Amino acid sequence: MAAIEIRDLHKKFRVYADQGNSLKEKMLSKKRRSYEERWVLNGISLEVEKGEAIGLVGKNGCGKSTLLKLMSRILFPESGTVKLNGRVSSLIELGAGFHPDMTGRENIYTNASIFGLTRKEIDERLQEIIDFSELEEFIDNPVRTYSSGMYMRLAFSVAIHVGADILLIDEILAVGDAAFQAKCFERLMEIKAEGTTIVIVSHSMAQLERICDRTVWIEGGKIRMEGAPNEVNPKYLEYMGQRRQLSAAKNAKKEQTDAELSEETPAKWTDICLVNEQGERVEKFATGDTITLQLTYQADTANAEEALIGLALYRADKALCYGTNTQREHLQPIVLKEKGVVRCKFAPMNLVAGTYWFDVALRRMDMFAYDYAAQAVRFAVYDPIDETGVTRLDHTWSFDDTAE
């Protein structure tokens, strides 16, 4: 018997033009009573085996969180069925089930009882819950005094100590410091090894690849693809990268048009792309591949002075991974031609799995910007090794099995 059985699930919401803030406003204005129906899920069928961990991915608004809420019975479908076999614990919304004026200790009892634990069971697990949350110092303070990270610690600690057969998690692990996030994931791996079924919604492909046996990609309220994370995640990242590139291209075209109307620059980028060792354009590649950033420009040689080129590499969460320019690297100033191509080769490109982009600048030596291409090229990296962080560090292992 599967832990979770979902059959032909449909869900819609009413979106009101203007709901109004009072009964009087709602009654007096017909417009405020008008709404349109939006279907969020359109026939989802899914089975999750006992002990399996699956990740739900998809762009915002695709129905991931709605599906999780239907599983946890916070919402109910228009049609279709959801069957869960076993005790369910969920982390759907930060602090859901907590009373702000009650202490952390009191909220542990309240929250755990919602999950089905008896008073005796909570008493037995209370200290373990407090210890894991690392909130001993604040456990008798009202939770309204807690930060969002402290909320997450307490909520996660309760959820993983109720002895659930099924654990549902919706992006909550994005809250909190890095050390506690790592601790949570180690605990999730232990829970999974004990046979707990896990369904997690996350935008972090690295997190999903680390814990999940299967990724389910939802698009337009339907399952577009499902399978092993290392098969589904690169295709999903490629799709999202294409969407962002189209959006960035539209914005860049508008900005370029506006700039041309105001002042013609003496030098500008005409094409920016990534190419592999065969010279083919690529938008995704594996950790360790040799990749070249290829920059094509054109210049008015009569007015363009010597130049430098700068680049900045960003991760999808806008974290700066690397930045440099030709002047910092003590290269000679670039004498611009009418048309030219500049290449920056990364051999190897040791980024771990994720989505990244390059910003690229063409500047005079006094740092005046001839052209600046924000998010000039976006790309996805997939990693056959289960690594975390930003970059793979070259290393070797050695083992001395000689007994002293």
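In strand β8, the residue that serves as bridge partner of L56 is V216, and this pairing is a convenient place to enter the structure, which is a predicted model. The chain holds eight helices and 17 strands, and buried residues make up 44% of its 404 residues. Of the contacts in the chain with a separation of 6 or more, 69% are accounted for by residues 24 or more positions apart.

**The parallel strands around β3, β6 and β7**

L56 belongs to the residues of strand β3 (residues 53-57) that point to one side together with I54, while A53, G55 and V57 point the other way, and all of these residues are buried. Strand β3 is accordingly described as mostly covered, with five of its five residues buried. In a regular strand the side chains alternate between the two faces of the sheet.

Strand β3 pairs with strand β8 (residues 214-219) in the parallel sense over four bridges, and four bridges also join β3 to strand β7 (residues 197-201), again with a parallel run. On the β7 side, G55 stands opposite I200, and I200 is also the bridge partner of I169, a residue of β6. Strands β6 and β7 pair in the parallel sense over five bridges.

Strand β6 (residues 166-170) is mostly covered as well, five of its five residues being buried; I166, L168 and D170 lie on one side and L167 and I169 on the other. Strand β5 (residues 88-91) pairs with β6 in the parallel sense over four bridges, and within this pairing S89 stands opposite L167.

The strand pairings described in this report are collected below.

| Strands | Sense | Bridges |
|---|---|---|
| β3 and β7 | parallel | four |
| β3 and β8 | parallel | four |
| β5 and β6 | parallel | four |
| β6 and β7 | parallel | five |
| β16 and β17 | antiparallel | nine |

**The open sheet**

An open sheet of five strands follows the order β11-β17-β16-β13-β14, and its pairing is mixed. Its edge strands are β11 (284-286) and β14 (320-325), each of which pairs on one side only, and the twist from one strand to the next averages 25°. Within this sheet, strand β16 (residues 354-364) and strand β17 (residues 369-382) run antiparallel and are joined by nine bridges, with A373 in β17 as the bridge partner of V360.

**Helices α2 and α5**

Helix α2 is mostly covered, since seven of its eight residues are buried, namely K64, T66, L67, L68, K69, L70 and M71. T66 is placed in this helix, which comprises residues 64-71, and T66 counts as buried because its relative accessibility is 11%, below the 20% limit for that class. Leaving aside neighbours within four places in sequence, T66 is in contact with K11, F13, V40, L41 and L75. The C-alpha atoms of T66 and P77, which are 11 residues apart along the chain, are separated by 9.7 Å. After α2 comes R73, whose phi is positive, near 65°.

How many of the 13 residues of α5 are buried? The count is 12 of the 13, so helix α5 is largely enclosed by the rest of the structure; the buried residues include M150, Y151, R153 and F156. The 13 residues of α5 (residues 148-160) should span 18 Å at 1.5 Å a residue, and the end C-alpha atoms are 18 Å apart, which agrees.

**Helix α8 and the second largest pocket**

P234 lies in helix α8 and counts as buried because its relative accessibility is 8%. Not counting residues up to four places away in sequence, P234 touches P229, K284 and Y382. One of these contacts spans a considerable stretch of sequence: P234 and Y382 are 148 residues apart in sequence, yet 6.1 Å apart in space, C-alpha to C-alpha.

Helix α8 (229-262) also takes part in the second largest pocket, for α6 (178-193), α7 (205-211), α8, β16 and β17 each supply at least two residues of its lining. The second largest pocket has a volume of about 970 Å³ and is lined by 33 residues, of which H203, S204, M205, R315 and D317 lie nearest its centre.

How values were computed: Residues are numbered from 1 along each chain as its sequence is written. This is a predicted model: local features need pLDDT of at least 70, side-chain atom pairs count only at pLDDT 80 or more; totals for chains, interfaces and linings use all residues. Side-chain values use heavy atoms; hydrogens and water are left out. Buried means under 20% relative accessible area, exposed over 50%, partly exposed in between (1.4 Å probe, protein chains only). Contact means heavy atoms within 4.5 Å. Two strands pair if DSSP finds at least two bridges between them. Axes are lines fitted to C-alpha atoms, for helices over the stretch in contact, and angles run from 0 to 180 degrees between N-to-C directions. The expected span of a helix is 1.5 Å times one less than its number of residues. On a 1 Å grid over the protein atoms alone, a cavity is a set of points where a 1.4 Å probe fits but cannot get out, and a pocket is an open set with protein on both sides within 12 Å along at least five of seven lines; lining residues have an atom within 4 Å of a point. Grid points are joined across faces, edges and corners, and a volume is the space filled by probe spheres set on the points.
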